[in-house]
Every structure is written in C-alpha cells, then in structure tokens.
Amino acid sequence: MTIALTVQPRVQREKWSLYWKESMMTKTDILDPVVLNVDEKKTKVADVLQMVSAKMSWPAKQVLLRLEGFEEPWELCVFNGKECMEDQTLADCGISRDNNTVTTVRKVLVAEGWQIKTGGVDDSDTDEDDF
C-alpha cells in the first residue's frame, strides 16, 4: 500500500577538532519538508535516506571524507524519537498511513583547528563565521 511519507530533512554540521578528534560544536539546519510516495511494507529506511539525498542533490555518503575519530553514521532516520535502522522497512518502524512523518539527519564535518594546506586556491582555516 502506498503512503505519502513526509520527511523532515536536517543537516547537522559538526565542527570537528583535528587535535581532539571529536566534535567541538554542532549546528543543525532545518530544511523544507519533502513528501515521498512509498510502500511502507516494501520500502526500507535506507531507500528513504537515498531518495532524500537524491532530492537534495547531496553527494553519496560513500564519497564523504571521514575525519580521524569520527565513527558515527553519516545519515539517520528518526520516527517518534527513536532511530530506525537502515535495514528495517517503514512498517517495521511503525510508520503507517496515519502516522507518516519522519526526520532524517545528514551529518557534515567541518574541520577545525589548523590551517589545512592542499595547494588549492580555497585553502583556509575555520573561523566561527565560517561555521
């Protein structure tokens, strides 16, 4: 059965310390909701995350740069305050025609601490204003 799934996408920017190898600050951007027509019994959470990434024109999570110490998943899906695992179907998570709103989060790392020199014209260090 096809339902209109409302997805509330978020981008969570982590200011990642290259020295401490941990997040020093987090900012979350709230994006406009996206409605996807999906079959809750056949569609997996991973499929929804991929559809949202495609609609937002985000790069595939396999090409994102993982900084040392960052071991969290790049994306997650939350329904009623609980994280849905990527291998679960939407029905397994409790999503139905009457209860059909999820929040997705894409994490983005912003290196902080030192000036990074790669030879590019856009090399810079990170200031509070850049974050």
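This passage describes the nonpolar cores, the aromatic pairs and the cavity of a predicted model.

Local features were considered only at pLDDT of at least 70 and side-chain atom pairs only at pLDDT 80 or more, whereas totals for chains, interfaces and linings use all residues of this predicted model. Residues are numbered from 1 along each chain as its sequence is written, and side-chain values rest on heavy atoms, with hydrogens and water left out.

The largest nonpolar core (buried Ala, Val, Leu, Ile, Met, Phe, Trp, Tyr and Cys residues joined through side-chain atoms within 4.5 Å; buried meaning under 20% relative accessible area, exposed over 50% and partly exposed in between, with a 1.4 Å probe and protein chains only) has 17 residues, and Leu-5 and Ile-95 have the most contacts inside it. At least two residues of this core are supplied by each of strand S1 (2-17), strand S3 (34-39), helix H1 (45-56) and strand S4 (75-79), helices (H or I, at least four residues) and strands (E, at least two) being DSSP runs numbered from the N terminus. H1 gives the largest share of this core, four residues. Neighbours within four places in sequence aside, the contacts of Leu-5 (heavy atoms within 4.5 Å) include Val-34, Leu-36, Val-48, Leu-90, Ile-95 and Val-102. Another core, of five residues, lies apart from the largest one and has Trp-16, Leu-67, Trp-74 and Leu-109 among its members.

Three aromatic pairs were found in a search of the whole structure, where rings of Phe, Tyr and Trp (its six-membered ring) pair if their centres lie within 6.5 Å, and planes under 30 degrees apart count as stacked, over 60 as edge-to-face and the rest as tilted. Trp-16 and Phe-70 form an edge-to-face pair, at 5.5 Å centre to centre and 90 degrees between the planes. Because Trp-16 belongs to strand S1 and Phe-70 to the loop between H1 and S4, this pair ties together parts that are 54 residues apart in sequence. Both Trp-16 and Phe-70 are buried, and ring pairs link these two residues and Trp-74 into a cluster. The rings of Tyr-19 and Trp-20, with centres 4.9 Å apart and planes at 85 degrees, are likewise edge-to-face, but Tyr-19 is exposed at 53% relative accessibility and Trp-20 is exposed at 56%.

One cavity of 30 Å³ or more was counted, a cavity being a set of points on a 1 Å grid over the protein atoms alone where a 1.4 Å probe fits but cannot get out, with lining residues having an atom within 4 Å of a point. The lining of the largest cavity includes Leu-49, Trp-58, Glu-75 and Arg-106, and H1 and strand S6 (101-112) each supply at least two of its residues.

Notes: On a 1 Å grid over the protein atoms alone, a cavity is a set of points where a 1.4 Å probe fits but cannot get out, and a pocket is an open set with protein on both sides within 12 Å along at least five of seven lines; lining residues have an atom within 4 Å of a point. Grid points are joined across faces, edges and corners, and a volume is the space filled by probe spheres set on the points.
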